[in-house]
Amino acid sequence: MKSIRLSLVLYFLVLLAGALGAVSVLAYRTAEQSLQEKQKSVSTLLRTKHEAKLDELLLQEARTLANFVKVQTAPHDRRFIPLQSLGLLPALATPAAVGAIPLWGLQGCEGPLRDFFLPRMIHTRTIGNIMLPDQEGQLTQFVQVNGDRGAEWRSSSLGRHALPFDPREFSGGLLVDWKFDNGELAGKPLRRVTLKVSRFRIDFRSPSWMKKGGPGRRSDSALRVSFAPPPFPSTLFIQGAYDTSRPDGVLGRLQEEYDHDLARLEQSAQENLQTLGKNLLAVSMLTFAATLLGIFSLVRLGLLPLRRLSDAVSQVSAKDFRLPLDGARMPYELRPIVERLQQTLGLLGRAFAREKQAAADISHELRTPLAALLTTLDVALRKPRQPEEYRELMEECRSSGQHMYGLVERLLTLARLDAGVDHLRPREVDLGQLAEQCALLVRPLAEARGLSIRLHRNGPACLTADPDKLREVVTNLLHNAIEYNRPDGSIDVAVERQNGDVRVEVRDTGIGISPEARQHLFERFYRADPSRAADGLHAGLGLAIVKGYVDLMGGAIDVESTEGQGSTFRVRLPVRAEGARV
């Protein structure tokens with residue numbers, strides 16, 4: 001995308017949409033898991049309440065049944081009063097009255113008390129020693145009553161089957177106790193309650209204070225409580241059970257209530273999830289819309305430093321390459337760009353300055369031979385001359401032309417190097433032999449100045465390189481050593497192979513180079529000794545060409561110099577394909 005602002009907006013919106021989607025999905029999944037856990041807990045609670053309700057109804061019917069159970073007494077003994085006459089068992093057969101003493105029967109009652117309770121014994125039938133009412137419960141299908149003396153009664157719904165019974169399961173000392181369990185009868189699953197009820201008798205005797213002492217006096221033996229002696233059973237076990245697979249009746253209605261509550265719970269959970277999903281979607285859309293409205297302003301504000309940088313760059317001109325911008329006040333991310341831009345502008349400024357200086361230097365270098373050429377021609381045209389005189393004048397014109405030609409050739413060489421169109425023509429070269437040829441070429445010029453040239457070769461130094469450019473490098477270094485050497489000085493050329501490179505070293509005993517001049521030594525039209533005029537083809541371009549050729553061949557050049565003692569130029573060139581012929 002061409003616009004940074006639109007790209008940032010798009011990327012931010014995509015990131016925001018992904019984040020909102022991920023958060024929404026995570027919240028929805030978390031809520032869904034929480035609701036599922038809650039639904040499981042509530043479903044378990046509903047199942048527990050449903051089972052507790054069934055157990056409570058089953059226990060209530062067992063209590064009701066126990067309220068009508070009484071023991072058949074002897075025909076002459078009518079002092080036993082059933083428990084329902086006092087109405088105490090329903091109150092005592094509760095969890096709050098487990099520790100209380102249930103009154104199963106009264107014995108020793110005479111007179112009006114017996115006449116009041118005995119009519120309550122009607123509507124019962126006698127089976128062995130146990131009397132039960134002729135009625136069935138709403139939930140209970142199977143009933144079985146056992147006594148601790150072997151008495152037993154079973155409802156007709158049991159048929160020939162019997163409910164398992166073990167009185168040892170009630171080993172505690174509670175007078176009233178019950179337990180629930182699951183069982184099976186003729187392949188039918190059952191839910192059963194077993195109710196334990198213990199009885200005792202109370203003997204009422206004539207109070208001693210009524211017979212002897214009168215009011216205000218009583219004896220400690222006025223009331224005596226004891227468990228009933230044989231043949232009366234002292235403990236009864238009443239079992240009531242129902243078929244859990246039966247889908248009708250009270251069980252069916254309770255199951256429908258449970259299913260209705262469970263369905264309502266699931267519906268409520270689904271509605272909550274749908275509401276949560278809608279709320280999350282609405283919040284995400286609102287957040288996305290609000291972000292979309294504000295993101296353009298935020299991006300515009302965030303891109304202000306770039307606009308400031310753009311305005312500063314637009315003020316840079318060919319006359320002033322300074323960047324009018326304080327890099328310390330820019331954001332941290334833009335500081336490297338500002339620093340690199342300032343460095344680039346500095347290089348461009350120096351390059352422009354060098355180009356201007358090069359134009360001035362070229363004009364100066366060309367003006368001298370052109371002036372000499374024009375002067376010579378003017379002299380030749382002033383008057384007729386002898387052929388010998390014309391020849392001398394033409395020789396001077398030819399020398400000026402050669403000077404200008406050499407200068408133009410060097411400028412074209414530098415231009416080709418700058419444009420990257422000057423290519424190598426590599427082949428196998430022995431640098432030692434090439435240096436010897438170059439030394440022989442410049443030896444007459446060195447001897448004319450009283451200089452000696454010595455060549456030092458330390459074994460073969462073969463490499464793959466362009467021999468023409470390599471010869472130009474060595475020749476320029478030798479011409480430079482001759483130009484700036486002292487009379488009767490010396491020039492040493494050493495060639496060797498070291499650490500996988502081939503090295504050539506040119507050492508002179510000349511005037512040396514100052515540290516300030518070494519920084520500009522390879523610049524174009526630069527002379528270490530500006531007081532000296534150009535001599536021959538030397539116009540401050542030789543070392544610039546040497547540096548360009550060495551870089552083109554992948555090598556490196558450095559210089560060491562001491563003022564008044566001489567200079568040493570070292571060139572290192574890689575061995576690309578030793579012994580190969582290209």
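Me: In strand β17, which residue is the bridge partner of Val504?

Reply: This is a predicted model. In β17, Val571 is the bridge partner of Val504. The bridge belongs to a pair of strands, β15 (residues 501-508) and β17 (residues 566-574), which run antiparallel and are joined by seven bridges.

Me: In what order do the strands of the sheet that holds β15 and β17 stand, and what is the pairing?

Reply: The sheet is open and has five strands, in the order β12-β14-β15-β17-β16, with mixed pairing. At its edges stand β12 (452-458) and β16 (556-562), each of which pairs on one side only. From one strand to the next, the twist averages 15 degrees.

Me: Which strands make up the open sheet with antiparallel pairing, and in what order?

Reply: Its five strands follow the order β5-β4-β10-β7-β6. The edge positions are taken by β5 (152-154) and β6 (176-185); each has a single partner strand, so one side of each lacks a neighbour in the sheet. The twist of this sheet averages 15 degrees from one strand to the next.

Me: How many bridges link β4 and β5?

Reply: Strand β4 (residues 142-147) pairs with β5 over three bridges, in the antiparallel sense. As an example of the register, Gln144 has Arg154 in β5 as its bridge partner.

Me: How should one read the two faces of a strand, and which residues lie on each side of β13?

Reply: The general idea is that side chains in a regular strand alternate between the two faces of the sheet. In strand β13 (residues 462-465), Cys462 and Thr464 lie on one side, with Leu463 and Ala465 on the other. These four residues are all buried, and both faces of the strand are thus covered.

Me: Which strand pairs with β13, and over how many bridges?

Reply: Strand β11 (residues 427-430) does, through four bridges in the antiparallel sense. Within this pair, Glu428 is matched with Thr464 of β13.

Me: Are Cys397 and Cys438 buried or exposed?

Reply: The criterion is relative accessible area, with under 20% read as buried. Cys397 is buried because its relative accessibility is 15%. Cys438 is buried as well, because its value is 2%.

Me: How many disulfides does the model contain?

Reply: The count is zero.

Me: Which residues form a nonpolar patch on the surface?

Reply: The patch consists of Ile4, Leu8 and Leu306, which together have about 250 Å² of accessible area. Leu306 lies in helix α7 (residues 304-314). Because its relative accessibility is 34%, Leu306 counts as partly exposed.

Me: How does one read a contact between residues that are separated in sequence, and what is the C-alpha separation of Lys53 and Leu254?

Reply: One sets the separation along the chain beside the separation in space. For Lys53 and Leu254, the two are 201 residues apart along the chain, and their C-alpha atoms are separated by 8.5 Å. Lys53 belongs to helix α1 (residues 4-68), and its relative accessibility of 42% makes it partly exposed.

Me: How far apart in space are Leu370 and Ser400?

Reply: From C-alpha to C-alpha, Leu370 and Ser400 are 7.0 Å apart, with their positions 30 residues apart in sequence. Leu370 is part of helix α8 (residues 335-382). With a relative accessible area of 37%, Leu370 is partly exposed.

Key:
Residues are numbered from 1 along each chain as its sequence is written. This is a predicted model: local features need pLDDT of at least 70, side-chain atom pairs count only at pLDDT 80 or more; totals for chains, interfaces and linings use all residues. Side-chain values use heavy atoms; hydrogens and water are left out. Patches are made of residues with over 30% relative accessible area and no salt bridge: like charges are joined within 9 Å, nonpolar side chains (Val, Leu, Ile, Met, Phe, Trp, Tyr) within 5 Å. Accessible areas come from the Shrake-Rupley method with a 1.4 Å probe; for residues, only the protein chains shown count as cover. A salt bridge is a side-chain nitrogen of Lys or Arg within 4 Å of a carboxyl oxygen of Asp or Glu. Buried means under 20% relative accessible area, exposed over 50%, partly exposed in between (1.4 Å probe, protein chains only). Two strands pair if DSSP finds at least two bridges between them. Axes are lines fitted to C-alpha atoms, for helices over the stretch in contact, and angles run from 0 to 180 degrees between N-to-C directions. A disulfide is a pair of cysteine sulfur atoms within 2.5 Å.
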